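Let's take a look around a protein together. Have the sequence and the 3D view open, and we'll go through it one spot at a time.

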Amino acid sequence: MKFKSSLALATLALATAASAQVKWDLPTAYPPSNFHTENLAKFAGEVDQATAGKLKITVHSNASLFKAPEIKRAVQGGQAQMGEILLVNFQNEWQVFGVDGIPFLADSYDAAWKLYQAQKPVLSKKLAEQGIVLLYTVPWPPQGIFINKPIASAADLKGVKWRAYSPATARIAELVGAQPVTVQQAELSQAMATGVVESYMSSGSTGYDTKTYEYIKNFYDTQAWLPKNAVLVNKKAFDALDKPSQDALLKAGADAEKRGWEVSKAKTQEYLDLLKKNGMAIHVPSPQLKADMKKVGDTMIKEWSEKAGADGQAVLDAYRKM
């Protein structure tokens, strides 16, 4: 009888320990070698350590669990407890998601950080209404133009098959007369290899990760904008955690944000050097190309302001006061 009681207690203890451990999934669209994904892996490890293994977060890279456009809905609906998204992908849902994709509104890390501080209150509020906690954001390096021919002005982009990954990049294509083709990063290499895409705007990071240098030989460093990835948490999943686990998650998120911004900035030149090493020509844009793209940016800021309403105006006003 005593043996049975001991066995029952041991079984109960094991069951309690098992139920105490919480397992979360965190899908992202980017490969394991990308600095965003590496930052996520470090973040997950820090949460594991801080909670003594109580909260285990598994990072699913390269769109292996959900494709990029599906991740936000998966977090919102609870299919994944966490997820990383590129905010500008969701501009059609709510214009403020896309403010950091407007060309030349914020074209440096300092300006991008100020824009984030202006955006954050309304962004957090909107996501909270959708049952989502904004944990942290990290920007991509400044965006330039990858293209398979030399260009001196925006007129040289006319008719080019242009990869669009967001409403803003599709609109740029329209304004310069290029042909927008929607392609997410996980499919970009194949799209270039098969001639579906001849040009696109993105960071040196994307160019290196997708081996763009194997298909496209020119990069024009326009430094047009710095779009942010946001790491989101399902609010119900967060609320179900005990207080120490919540605190550990929030602290690890704050640390990941600080680290991510620093790494992004540090890697900007590193990625350009890697592209150059692999045969890509890195160009300073001509004065005419810079002027043409600035004109595109001015048009898009005006269009965005008209669509974004009071929330958008509040973000712009706060940003311009900083």
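## Inside the largest cavity

By class, how many nonpolar, polar and charged residues does the lining of the largest cavity have? The lining has seven nonpolar residues, seven polar ones and one charged one. Keep in mind that you're looking at a predicted model.

The volume of this largest cavity is about 130 Å³. Its lining is made up of 15 residues. If you want to find the middle of the space, look for Tyr-30, Leu-86, Arg-163, Tyr-165 and Gln-185, which lie nearest the centre.

## The second largest cavity

In total, three cavities of 30 Å³ or more turn up in this model. The second largest has a volume of about 50 Å³.

You can trace its walls by picking out Pro-141, Pro-142, Gly-204, Phe-219, Asp-221, Thr-268 and Leu-272. Sorted by class, that lining gives four nonpolar, two polar and one charged residues.

## The largest pocket

Now for the largest pocket, which holds about 170 Å³ of space. Its lining includes Gln-91, Asn-92, Gln-95 and Ile-102. Further along the chain, Pro-167, Ala-168 and Arg-171 join in, and so do Met-300, Glu-303, Trp-304 and Lys-307. By class, you get five nonpolar, three polar and three charged residues in this lining.

Which helix supplies the largest share of the lining? That's helix 10, with four residues. Helix 10 spans 287-321, and both it and helix 5 (167-176) supply at least two lining residues each.

## Two strands and a helix

Head towards the start of the chain for a neat piece of architecture. Strand 1 covers residues 22-27 and strand 2 covers residues 55-60; they run parallel, joined by six bridges. For an example of a bridge pair, find Leu-26, whose partner in strand 2 is Val-59.

Add helix 2, residues 35-50, and you have a β-α-β unit made of strand 1, helix 2 and strand 2. Is this unit right-handed or left-handed? It's right-handed.

## How far to trust the model

The mean pLDDT of the protein is 93, and 94% of the residues reach 70 or more. Residues 13-18 are a weak spot, with pLDDT below 50. Beyond near neighbours in sequence, that stretch has zero contacts in the model. Where pLDDT is low, you shouldn't read the predicted coordinates in detail.

Notes:
Residues are numbered from 1 along each chain as its sequence is written. This is a predicted model: local features need pLDDT of at least 70, side-chain atom pairs count only at pLDDT 80 or more; totals for chains, interfaces and linings use all residues. Side-chain values use heavy atoms; hydrogens and water are left out. pLDDT is the predictor's confidence in each residue, from 0 to 100. Contact means heavy atoms within 4.5 Å. On a 1 Å grid over the protein atoms alone, a cavity is a set of points where a 1.4 Å probe fits but cannot get out, and a pocket is an open set with protein on both sides within 12 Å along at least five of seven lines; lining residues have an atom within 4 Å of a point. Grid points are joined across faces, edges and corners, and a volume is the space filled by probe spheres set on the points. Ala, Val, Leu, Ile, Met, Phe, Trp, Tyr, Cys and Pro count as nonpolar, Asp, Glu, Lys and Arg as charged, and the others, Gly among them, as polar. Two strands pair if DSSP finds at least two bridges between them. A crossover is right-handed if, with the strands pointing away from the viewer, the path from the first strand over the helix to the second runs clockwise.
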